[in-house]
Amino acid sequence: MWPLVAALLLGSCCCGSAQLLFSKVKSVEYTKCNDTVVIPCKVLNVEAQSTEEMYVKWKLNQTYIFIYDGSKNNSTVETNFSSAKISVSDLLKGDASLKMGRTQAVVGNYTCEVTELSREGKTVIELKHRMDSNSSHGADCSNHTTPAGDEKEKGGCTLASWFSPNEKILIVIFPILAILLFWGKFGILTLKYKSTRTNKRIILLLVAGTVLTVIVIVGAILLIPGENPVKSASGLGLIVISIGILIPLQYNVFMTAFGMASFTIAILITQVLGYVLALVGLCLCIMACEPVHGPLLISGLGIIALAELLGLVYMKFVASNQRTIQPPRNK
């Protein structure tokens, strides 16, 4: 009796578990950025030595859309999912993931059934469509879907906003810094000028500067959370487009203080170039699926802030050499 029991136990150990085990993936997401949709199905305890021992079936809800028969090395595909396929060479590694073109991907519950000789198992993955199309940093999202739940912690591709938290901080900090520098130049003007003509210009600068400050603050409030892609895009647009107001403001500050000189012209040209870079970066970020153009946008904003700093330093230098800055005379 005991030898028989021992033999049965030994045979059970040699044959392995009768149930195939799968990695836990509750759902995947795809966006318009995905050319190919991948629905993961990974078996953890494959023991087959040949694909002839493997049998894979995929079904959407209750309808079979793909069947692979290893004994015949033949695949059967449902008409509406003609692009569906699996990588046969990866079956022995436990990978029975289904790949299909994005245009044929249908939202719903997909069931992956795998049979290996006498062992079998299945797992269900929900396919979701995400409306925003921006991919996050640190993940290869090219032709890839987004494993959710447990798979996300295993280095899966995730979908988020265009920018990392550090980039968002820079996008907000540079415009705010530029505005603070403008207010510094504005303070010099209010201390040095008392004429009627200058007072009118100062009032216009005050109103324009206040409006710009409010717009940038609103844009930062919309951009920073990053939970809603529409709000984030709106906030980014408000910040980048409105920051161009600093160019005519700086020009008017120079004209009010001491007129145009070679150095002030160079500062304005630098500021214009920075604004052009920021606008190009904004357009590329909006059109792109992957966040690869953020540094260009941030560089433009940084140059704008640098131009404001140079303007303030120059005004302070001129002001320190003159008791009272006289406005340029009209010829």
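These exercises work through a predicted model.

**Exercise 1. Overall make-up**

Task: State how many helices and strands the protein has, and what share of its residues is buried.

Solution.
- Start with the secondary structure: the protein has 7 helices and 9 strands.
- Next take burial: of the 331 residues, 41% are buried.
- Then turn to contacts with a separation of 6 or more: 67% of them join residues 24 or more positions apart.

**Exercise 2. Two packed helices**

Task: Classify the packing of α5 against α6 and describe the residues that make the contact.

Solution.
- Locate the elements: α5 covers residues 246–257 and α6 covers residues 262–287.
- Read the geometry: the angle is about 175°, and the axes are 10 Å apart.
- Apply the cut-off: angles over 145 degrees count as roughly antiparallel. α5 and α6 are therefore roughly antiparallel to each other.
- List the α5 side: Leu-246, Ile-247, Gln-250, Tyr-251 and Phe-254.
- List the α6 side: Thr-264, Ile-267, Leu-268, Gln-271, Val-272 and Tyr-275.
- Sort these residues by character: 8 are nonpolar, 3 are polar and none is charged.

**Exercise 3. Aromatic pairs**

Task: Classify the ring pairs Phe-182 with Phe-186 and Phe-258 with Tyr-314, and place each in the chain.

Solution.
- Begin with the total: the whole structure has 6 aromatic pairs.
- Take Phe-182 and Phe-186: their ring centres are 6.4 Å apart and their planes differ by 35°. This pair is tilted.
- Place the pair: Phe-182 and Phe-186 are 4 residues apart in helix α2 (residues 165–192), so about one helical turn separates them.
- Check burial: Phe-182 and Phe-186 are both buried.
- Take Phe-258 and Tyr-314: the centres are 5.3 Å apart and the planes stand at 85°, so this pair is edge-to-face.
- Place the pair: Phe-258 sits in the loop between α5 and α6, while Tyr-314 belongs to helix α7 (residues 294–320). The pair therefore ties together parts that are 56 residues apart in sequence.
- Check burial: Phe-258 has 22% relative accessibility, so Phe-258 counts as partly exposed.
- Widen the view: ring pairs link Phe-258 and Tyr-314 with Phe-254 and Phe-263 into a cluster. Phe-254 also takes part in the contact of α5 with α6.

**Exercise 4. Cysteines**

Task: Decide which cysteines form the disulfide, give its handedness, and explain why Cys-285 is not bonded to Cys-283.

Solution.
- Count first: the structure holds 1 disulfide.
- Identify the partners: Cys-41 and Cys-112 are joined, with 2.0 Å from S to S.
- Use the torsion: the value about the S-S bond of Cys-41 and Cys-112 is about -75°, so the disulfide is left-handed.
- Map the partners: Cys-41 lies in the loop between β2 (36–39) and β3 (54–60), and Cys-112 lies in strand β7 (residues 108–116). The two are 71 residues apart, and the bond links distant parts of the chain.
- Check burial: Cys-41 is buried at a relative accessible area of 1%. Cys-112 is buried too, at 0%.
- Now test Cys-283: this residue is in no disulfide, and the nearest cysteine sulfur is that of Cys-285, 9.4 Å away.
- Apply the cut-off: a disulfide needs sulfur atoms within 2.5 Å. The 9.4 Å between the sulfurs of Cys-285 and Cys-283 is therefore too far for a bond.
- Contrast the accessibility: Cys-283 is partly exposed at 43%, whereas Cys-285 is buried at 3%.

Key:
Residues are numbered from 1 along each chain as its sequence is written. This is a predicted model: local features need pLDDT of at least 70, side-chain atom pairs count only at pLDDT 80 or more; totals for chains, interfaces and linings use all residues. Side-chain values use heavy atoms; hydrogens and water are left out. Axes are lines fitted to C-alpha atoms, for helices over the stretch in contact, and angles run from 0 to 180 degrees between N-to-C directions. Angles under 35 degrees count as roughly parallel, over 145 as roughly antiparallel, 65 to 115 as roughly perpendicular and the rest as oblique. Contact means heavy atoms within 4.5 Å. Ala, Val, Leu, Ile, Met, Phe, Trp, Tyr, Cys and Pro count as nonpolar, Asp, Glu, Lys and Arg as charged, and the others, Gly among them, as polar. Rings of Phe, Tyr and Trp (its six-membered ring) pair if their centres lie within 6.5 Å; planes under 30 degrees apart count as stacked, over 60 as edge-to-face and the rest as tilted. Buried means under 20% relative accessible area, exposed over 50%, partly exposed in between (1.4 Å probe, protein chains only).
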